[in-house]
Amino acid sequence: MEGPVRPRLLRRQVQRRAWPRLLQGLRGPTAQPRPVQRQPVHHVHAVTVLISGVRCTYHRDAIPAVSIDQLELTAGPVGLVGVNGAGKSTLLRTLAGCRQPQEGSVSIDGASLYGRRRRVVAQRVGYMPQEIQFPGELSVTQVVDYAAWLRALKPRHAAQRRADVIVAVGLEDRADQRVRALSGGMRRRLALAVALLSEPAVLLLDEPTTGLDPEQRAGVRAIIGEIAGRCLTIMSSHVMEDVASITSNVIVLHGGRVLHQGETDAFVRERGGPTQSAEVAFLTTIAGA
Ligand SMILES: Nc1ncnc2c1ncn2[C@@H]1O[C@H](COP(=O)(O)OP(=O)(O)OP(=O)(O)O)[C@@H](O)[C@H]1O
């Protein structure tokens, strides 16, 4: 004997089963079902980020955590690499509009990220921080909805974007699941969905693959690879294999300064030794500092 049917479940089943038949009835028996139009999760955005004379310091007399005279970023995906404490997270926080530098400026297509129109300019940036903390009792959908509200997305647009980004990161089967029941890799994918929500022209990913198992890393890498061609993606990583496989350009940061900037292929070819190793290319570069 079947158990009692829960009203919410019943309502969902009725909606799923009845609506197609009802629509069929309205269109008439000969009408063909319309093809489903899948929205691309991201349109292509060409953008220039310019960093000029930026100094970021945490304490008044301390050596700047980031010190960059001039850096222009147009083509990506960009890999941002450096040892612990090199300044990667500080730079990404600064590019995200979260931390105003003590000196210098950051602009996106000529508009200052810390100027009068900062709210508008910052809307063009999606940021996935290294430390991710979502309230455990919220579901995947609720987290994305809350982020859409914080981003002041219009409700109709927000609903469409929510569906798009959850599918883009492969969490559609987990949409109703609470955050506390997600694995580390799934939480990272949720953070990526939030970063993608406003269809950013600049996507900043701080260590997106750290702490993931090889399968999860491959999954996140594939998602980033798909999105990276559509906006200027800048990702920090310790994993040189990820940097070599995902990025087209690389920046080596050391002591807050840019030691090297150039194409990833050339970086690995010219500095990677006989085995053409991205790891060797990185170590060779910082050894000369
Ligand atoms: N909130 C903070 N207060 C004081 N100093 C900080 C703070 N955050 C970072 N720093 C310092 O700034 C420097 C750069 O740190 P940052 O976290 O940007 O480096 P990172 O390259 O991202 O390092 P990791 O690879 O370990 O994440 C370090 O010397 C660090 O100690």
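## A first look around the chain

The protein chain has ten helices and ten strands. What you are looking at is a predicted model. Of the 289 residues in the protein chain, 39% are buried. If you take the contacts in the chain with a separation of 6 or more, 70% of them come from residues 24 or more positions apart.

### The six-stranded sheet

Let's start with the sheet of six strands. This sheet is open, its pairing is mixed, and its order reads E6-E7-E8-E3-E9-E10. At the edges stand strand E6 (125–128) and strand E10 (257–263); each has a single partner strand, so one side of each is left without a neighbour in the sheet. On average, and ignoring direction, neighbouring strands here are turned by 15° against each other.

Strands in a sheet pair through backbone hydrogen bonds, in either a parallel or an antiparallel way. Strand E9 has a partner of each kind, as follows. Strand E3 (residues 78–81) and strand E9 (residues 249–254) run parallel and are joined by four bridges. Within that pair, Val78 stands opposite Asn249 in E9. E9 and E10, on the other hand, run antiparallel and are joined by six bridges. There, His254 stands opposite Arg257 in E10. E9 and E10 form a hairpin with two residues between the strands, and in it Gly255 takes a positive phi near 55°.

Is E9 mostly covered or mostly open? Mostly covered: five of its six residues are buried.

### The four-stranded sheet

The other sheet to look at is an open one of four strands, with antiparallel pairing and the order E2-E1-E4-E5. Strand E2 (66–73) and E5 are at its edges, each with a single partner strand, so one side of each is left without a neighbour in the sheet. E4 and E5 run antiparallel, with two bridges joining them. Look for Ser107, which stands opposite Ser112 in E5.

### Helices against the sheets

Which strands of the six-stranded sheet does helix H2 touch? Helix H2 (residues 88–95) packs on that sheet and touches E3, E6, strand E7 (202–206), strand E8 (232–236) and E9. The direction of H2 makes about 150° with that of E7. H2 also lies across strand E1 (49–56), E2 and E4, where it runs at about 125° to E1. So H2 is a handy landmark: it packs on the six-stranded sheet and lies across strands E1, E2 and E4 as well.

Helix H6 (residues 184–196) is another one to find. H6 lies across E6 and E7, running at about 165° to E6.

### Two helices that meet

Further along the chain, helix H9 (residues 264–271) and helix H10 (residues 278–287) pack at an angle of about 80°, with their axes 8 Å apart. That makes H9 roughly perpendicular to H10. Which residues meet there? From H9 come Phe267, Val268 and Arg271, and they meet Ala278, Ala281, Thr284 and Thr285 in H10. Sorted by type, the residues of this contact are four nonpolar, two polar and one charged.

### Around the ligand

Now for the ligand. The residues around it are Tyr58, Ala65, Gly82, Asn84, Gly85, Ala86, Gly87, Lys88, Ser89 and Thr90. This shell divides into three nonpolar, six polar and one charged residue.

### Two loop residues with a positive phi

Most residues other than glycine have a negative phi. Asp109 has a positive phi, near 50°, and Ala152 has a positive phi too, near 55°. The table puts these two side by side.

| Residue | Phi | Loop between | Other C-beta atoms within 10 Å |
|---|---|---|---|
| Asp109 | near 50° | strand E4 (103–108) and strand E5 (111–112) | 14 other C-beta atoms within 10 Å |
| Ala152 | near 55° | helix H4 (140–150) and helix H5 (155–168) | 10 other C-beta atoms within 10 Å |

Why is Asp109 partly exposed? A residue counts as buried with 20 or more other C-beta atoms within 10 Å, as exposed with 12 or fewer, and as partly exposed in between. Asp109 has 14, so Asp109 is partly exposed. Ala152 has 10, so Ala152 is exposed.

Terms used:
Residues are numbered from 1 along each chain as its sequence is written. This is a predicted model: local features need pLDDT of at least 70, side-chain atom pairs count only at pLDDT 80 or more; totals for chains, interfaces and linings use all residues. Axes are lines fitted to C-alpha atoms, for helices over the stretch in contact, and angles run from 0 to 180 degrees between N-to-C directions. Angles under 35 degrees count as roughly parallel, over 145 as roughly antiparallel, 65 to 115 as roughly perpendicular and the rest as oblique. Two residues are in contact if their C-beta atoms, placed from the backbone, lie within 7 Å. Ala, Val, Leu, Ile, Met, Phe, Trp, Tyr, Cys and Pro count as nonpolar, Asp, Glu, Lys and Arg as charged, and the others, Gly among them, as polar. A residue is near a molecule or strand if its C-beta atom, placed from the backbone, lies within 6 Å of it. Two strands pair if DSSP finds at least two bridges between them.
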